[in-house]
Amino acid sequence: MTVTTRPAEAATSAPCGDTPLFGEMAGDIAVSYEFFPPKTEKMEAQLWDAITELAPLAPKFVSVTYGAGGSTRERTHATVARIRRETNLVPAAHLTCVAASKGEIDEIADEYWEAGVRHIVALRGDPQPQDNGVFRAHPEGYASAAALVEGLRKRHDFEISVAAYPEMHPEASSAQSDLDNLKRKIDAGSTRAITQFFFSADAYFRFLDKALAAGITAPIVPGIMPVTSFAAIRRMSANTEIPASLEALFADLDARPGPRALVAAVAAADLCKRLYDGGVRNFHFYTLNKADQTYAICQLLGLRPKETV
């Protein structure tokens with residue numbers, strides 16, 4: 001198992017002379033991408049445009065999300081199956097504990113295995129709307145992501161990714177209990193953890209220190225979310241610090257999608273550069289089914305096309 005080590009601290013000297021900010025990037029990174037299953041034909045076309053655009057950057061895998069209560073179950077399966085069938089990409093299917101018995105989830109896992117899918121992103125899942133923000137396990141289902149990981153491990157030899165929260169899950173009673181939960185998921189047989197999006201490299205590195213001290217040795221891959229709407233990011237950031245400097249960058253840009261997209265790509269690339277300087281070489285991008293910003297960030301980080309879909 002790969003050991004999560006504390007990356008070396010970044011050099012503190014500021015760029016000088018004619019050295020560009022991203023001018024010395026070696027392109028020695030590995031990336032993965034997250035997509036969501038489309039609801040309409042137009043969204044389907046947008047998704048496949050994004051997949052086709054990003055595929056030449058040779059991601060390690062591409063994941064497909066799964067709606068609350070299995071609301072996108074069929075669309076998730078169809079998208080994963082098409083990726084497996086029509087591309088050279090490695091698909092990873094999200095799977096949650098919400099509103100399904102162990103038997104139903106096991107059946108879905110079996111279907112993925114039979115379709116050649118070998119990677120699952122195992123999540124507890126969000127509470128259902130009628131439960132007023134409180135997760136309620138199915139009476140015959142898996143009660144937690146750790147239990148789901150254990151069940152999947154017994155079923156097939158999947159590669160399994162789980163979620164991690166550098167700034168604590170919003171429902172966690174404390175940072176320590178959240179870290180304990182991550183360790184349970186890793187100990188149950190997870191291959192890696194992928195973090196919720198964040199905007200502070202220091203927050204990520206502090207989290208790595210705490211994880212390592214807790215005995216977590218699996219890789220913890222940073223999840224990167226380019227800002228498509230700052231208002232939306234603010235709504236989604238329950239426990240995520242938004243630096244004042246980042247907020248200032250996006251002031252008055254929500255009504256200007258073109259400039260906002262350019263600023264977002266550079267801001268996300270700057271965060272990745274800070275992580276890279278600290279030793280990070282694996283990045284997971286939340287694409288929102290759009291290719292341009294993610295491709296631009298990868299380009300700034302020195303990644304170049306390797307193969308086509």
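A salt bridge is taken here as a side-chain nitrogen of Lys or Arg within 4 Å of a carboxyl oxygen of Asp or Glu. In this predicted model, the count by that rule comes to 14 salt bridges. Glu-150 and Lys-154 make one of them, with their closest N and O atoms 3.8 Å apart, so the pair falls inside the 4 Å limit. The two residues sit four apart in helix H4, which means that about one helical turn separates them. Glu-150 is partly exposed, at 41% relative accessibility, while Lys-154 counts as exposed at 67%.

A further salt bridge links Asp-157 to Arg-153, with 3.7 Å between the closest N and O atoms. Here the acidic partner, Asp-157, is exposed at 62% relative accessibility, and Arg-153 is partly exposed at 28%. Elsewhere, Glu-44, Arg-82, Arg-85 and Glu-86 are tied into one network by salt bridges that share partners. Within that group, the side chains of Glu-86 and Arg-82 meet at 3.0 Å, N to O. Both belong to helix H2, and because they are four residues apart, about one helical turn lies between them. Glu-86 has a relative accessible area of 43% and is partly exposed; Arg-82, at 24%, is partly exposed too.

Turning to the interior, the largest nonpolar core holds 71 residues, and those touching the most other members are Tyr-33, Leu-152, Leu-182, Ile-220, Leu-275, Phe-283 and Phe-285. Helix H9 supplies the largest share of this core, with seven residues. Another core lies apart from it and has 17 residues, including Val-221, Met-225, Ile-233 and Phe-250. As for Leu-152, its contacts beyond the neighbours within four places in sequence are Leu-95, Ala-109, Ile-120, Ala-122, Phe-158 and Ile-160.

Two of those contacts, Ile-120 and Ile-160, are also bridge partners, with Ile-160 lying in strand S5. S4 and S5 pair in the parallel sense over three bridges. S5 is also joined to S6 by four bridges, again parallel, and Ser-161 has Arg-192 of S6 as its bridge partner. S5 is mostly covered, with five of its six residues buried. Together, S5, H5 and S6 form a right-handed β-α-β unit.

Helix H3 spans residues 102-114, and its 13 residues reach 18 Å from the first C-alpha to the last, close to the 18 Å expected at 1.5 Å a residue. Its buried residues are Ile-105, Asp-106, Ile-108, Ala-109, Asp-110 and Tyr-112, so two aspartates come under the 20% relative accessibility cut-off. The cover over them includes helix H2, strand S3, strand S4 and helix H4. After H3 comes Gly-116, with a positive phi near 90°.

Helix H6, residues 201-213, also has 13 residues, and its end C-alpha atoms are 19 Å apart, which agrees with the 18 Å that 1.5 Å a residue would give. Ala-201, Ala-203, Tyr-204, Phe-205, Phe-207, Leu-208 and Ala-211 are its buried residues. Among the elements covering them are strands S5, S6 and S7 along with helices H5 and H9. Thus the β-α-β elements S5, H5 and S6 turn up again in the cover of H6. H6 is followed by Gly-215, where phi is positive and near 90°.

Notes
Residues numbered from 1 in each chain as written. Predicted model: local features only at pLDDT ≥ 70, side-chain atom pairs only at ≥ 80, totals over all residues. Heavy atoms only, no water. Expected span 1.5 Å × (residues − 1). Buried < 20%, exposed > 50% of the residue type's maximum accessible area, 1.4 Å probe, protein only. Contact = heavy atoms within 4.5 Å. Core = buried A, V, L, I, M, F, W, Y, C linked by side-chain atoms within 4.5 Å. Pairing = 2+ DSSP bridges. Right-handed = clockwise from strand over helix to strand, strands pointing away.
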